[in-house]
2 protein chains.
Amino acid sequence: MTTIYDIAKKTGFSITTVSRALNNYTDVSPKTKKLILEAVEDMHYYPNSVARTLSTKKSWALGIIFVEDLGIGMKHPFFNSVIEGFKKSVEQKGYDLIFLNRYVGGEKMTYLDHALHRGVDGIAVVSSNYDDVEVEKIIGSSLPNVIIDSHTSKSNVVYSDNMRGSELAVDYLYSLGHRNIAHISGHSKTFVGLERLRGFKSAVEKYQLHNSSIAEGGLFSVDGGYQAMKTLLQLENRPTAIFAAGDNLAIGAMKAIKDAGLNVPDDFSIIGFDDIELSGQISPSLTTIKQDMDKIGEQAAELLLQQINHKTDPTISIVPVELIKRETTKAIK
Amino acid sequence: MTTIYDIAKKTGFSITTVSRALNNYTDVSPKTKKLILEAVEDMHYYPNSVARTLSTKKSWALGIIFVEDLGIGMKHPFFNSVIEGFKKSVEQKGYDLIFLNRYVGGEKMTYLDHALHRGVDGIAVVSSNYDDVEVEKIIGSSLPNVIIDSHTSKSNVVYSDNMRGSELAVDYLYSLGHRNIAHISGHSKTFVGLERLRGFKSAVEKYQLHNSSIAEGGLFSVDGGYQAMKTLLQLENRPTAIFAAGDNLAIGAMKAIKDAGLNVPDDFSIIGFDDIELSGQISPSLTTIKQDMDKIGEQAAELLLQQINHKTDPTISIVPVELIKRETTKAIK
DNA sequence: CTGAAAGCGCTTACAG
DNA sequence: CTGAAAGCGCTTACAG
């Protein structure tokens, strides 16, 4: 590895001057700078970021944490898309992304301790879990952070307009003539599950739909939706439409309906929540509330970098959602 | 931030002794060690990994690189699952994962330069691209590395048994009575696309299926499969079965068949390659060649860590595939 | 069993 | 415009 000393030796300047030239200080003569930059090029030198970090206290690395105690897992397309958006945004500003976990060298530490140990400049937390001790610690720390898909007034948060999403779904079903609308809810320990449920209840209230029932769908899995739908199918007063808190739940419900020998959208209209890639590709394609994952990632990046650079106050960013009409919804006579 | 000096001051020992106690050196008296560890606990001290890295030349960080010039993108479920498996394996050994890109602080550098700059201990490259200058540089470097989904004899490589997968697919279709089998191939610039095509050709040769045709499916997208299938549908001598080089391609093909008013599996049997989550959930569910993504990730981790620790010779790890029989395949009379 | 000192590769006051 | 020196927070010969 070539170091700053090699460049100094080759050019005859001190490492101080080399460092200055490299960091675009103005008080280096153009001639000197040119010489140094040429040597840097020749010797294929890149400053060691570890040494730089040690002396500047700035790592140009951001930590990303998945709190997945509930076991939803990072394989869910939502998370990946959000991360992708986040990554793109921060890379542009020169930051690298580092996955933080709870184990370092075989020893268990908290996510926060790990972040501190690694010296990241900030943390993005993806936490579906409503109240988590680990996340509380991060929020309460002085390390800049942003929380995605959960809520707190003490830090930066980014999530979809879940309430509005539920409202859009019920509005649409109502406009199609449905009066008995059921909800397959997300896990009650998740922030988004609760919010979507709350939105559903408020919409149902608005239209005075006293028949509406709710089935617990659990952790946003296909199987959870399947089971919930089986419960709904046994109801005496069956719904004609189902709004599920996630696309996976909706897909599971569709399967249950099919297995019962019934049809979507003839017997049941269905709306999901997410708009994962799959939803447009299945048959019938799924009407759903689209979350703008890229935007969520970008927003998270923006809030986090803002805090890192200007120490702004905690900011809440609620990202708009959109109703995507497809084939699983149908007007009833 | 509390440092090793704080612990030294509090306990009255030198930083040398504190460091020794922390790193489990044997030549520290049990009593001293206990005192120091207590202080560490009390003061909530965690060693600064940046400083440690600077003095030991070991970062306990691994770089991960996506070469996605072709634009397949990291959102493809295959990559995410592989990364997940890789991540789990290396975390257990105390390594963190850091995403490497080509931009650092706004300036463009190669992936290798970035890795060197960051001081990672090794690199995992996910590269569908067959020959890539950047990847060549990494392979040719002295930094330990492993290449996933591409081939070279000069470094560690891990990929599925693509040839065997194609063979399994054709064998099965043949056993169902199909004699006119088409292949929707992956992009000819991708290693896996070429391998699966090669496997297909060899199987077709084995059974002397002179009718078999091939349609280019491009970059493993649903739309690519759709377009390829449209071509196949126009053939005078239509195939009765299609083996697609990816599940997305197969799903696209299914859509094209449906749009043409035809049916799977009645009019066409279809087999994909991947076994992405979606494949089991669509209707009809997709018969496919399952890749063991977790295993690929684990193998990559193992080879990389081996090279880091013992400087082993370049190793090729070919991960077995498996035929998953589902609803898109059917015997013909 | 313990400590003083040098060194890892940078940056940044301070001095000239 | 340039350089000598100190410092970032650790680890590791070397000495005792």
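**Exercise 1.** In which loop of chain A does A:Pro265 lie? Describe the backbone there and at the other unusual points of chain A.

*Solution.* The model is a predicted one, and the reading below applies to that prediction. A:Pro265 is placed in the loop between α11 and β11 of chain A, and the peptide bond that leads into this proline from A:Val264 is cis, with omega near 10 degrees. Next, turn to A:Pro284, which belongs to the loop between β11 and β12 of chain A; the bond from A:Ser283 to A:Pro284 is likewise cis, with omega near -5 degrees. Finally, A:Trp60, in the loop between α4 and β1 (61-67) of chain A, has a phi near 55 degrees, which is positive although the residue is not glycine. These points deserve a note because most residues other than glycine have a negative phi, and most peptide bonds are trans.

**Exercise 2.** Work out which parts of chain A are joined by the salt bridge between A:Asp275 and A:Lys290.

*Solution.* Begin with the distance: the closest N and O atoms of A:Asp275 and A:Lys290 are 3.6 Å apart, which falls inside the 4 Å limit for a salt bridge. Then locate the two residues: A:Asp275 sits in the loop between β11 (269-274) and β12 (287-290), while A:Lys290 is in strand β12 itself, so the pair ties together parts that are 15 residues apart in sequence. Over all chains, the structure holds 26 salt bridges.

**Exercise 3.** Characterise the interface between chain A and chain B, from its extent to its individual pairings.

*Solution.* For the extent, 46 residues of chain A are in contact with 47 residues of chain B, and the two chains bury about 4,500 Å² between them, of which 53% is on carbon and sulfur atoms. For the polar component, there are 19 residue pairs in polar contact, counted with both residues at pLDDT 80 or more, and two salt bridges between the chains. One salt bridge links the side chains of B:Asp96 and A:Arg118, at 2.6 Å from N to O. The elements that give two or more residues to the chain A side include α5 (77-92), α6 (111-118) and α11 (247-259), and by class this side has 20 nonpolar, 16 polar and ten charged residues. For the strands, β2(A) runs antiparallel to β2 (residues 96-99) of chain B, joined by three bridges, and A:Ile98 has B:Ile98 as its bridge partner.

**Exercise 4.** Which residues of chain A does UniProt list for "domain: HTH lacI-type"?

*Solution.* The unreviewed UniProt entry lists residues 2-56 of chain A. In the model, this span is 67% helix and 0% strand, and its end C-alpha atoms lie 21 Å apart.

How values were computed: Residues are numbered from 1 along each chain as its sequence is written. Chains are lettered from A and ligands numbered from 1 in the order in which they are written. This is a predicted model: local features need pLDDT of at least 70, side-chain atom pairs count only at pLDDT 80 or more; totals for chains, interfaces and linings use all residues. Side-chain values use heavy atoms; hydrogens and water are left out. Contact means heavy atoms within 4.5 Å. Buried area is the accessible area (1.4 Å probe) that two parts lose on being put together, summed over both. A polar contact is a pair of N or O atoms within 3.5 Å; within protein, one must be able to donate a hydrogen and the other to accept it, and residues adjacent in sequence count only if both atoms are side-chain atoms. Helices (H or I, at least four residues) and strands (E, at least two) are DSSP runs, numbered from the N terminus. Ala, Val, Leu, Ile, Met, Phe, Trp, Tyr, Cys and Pro count as nonpolar, Asp, Glu, Lys and Arg as charged, and the others, Gly among them, as polar. Two strands pair if DSSP finds at least two bridges between them. UniProt positions are given in the numbering used here, feature names are shortened, and annotations may be inferred rather than shown by experiment.
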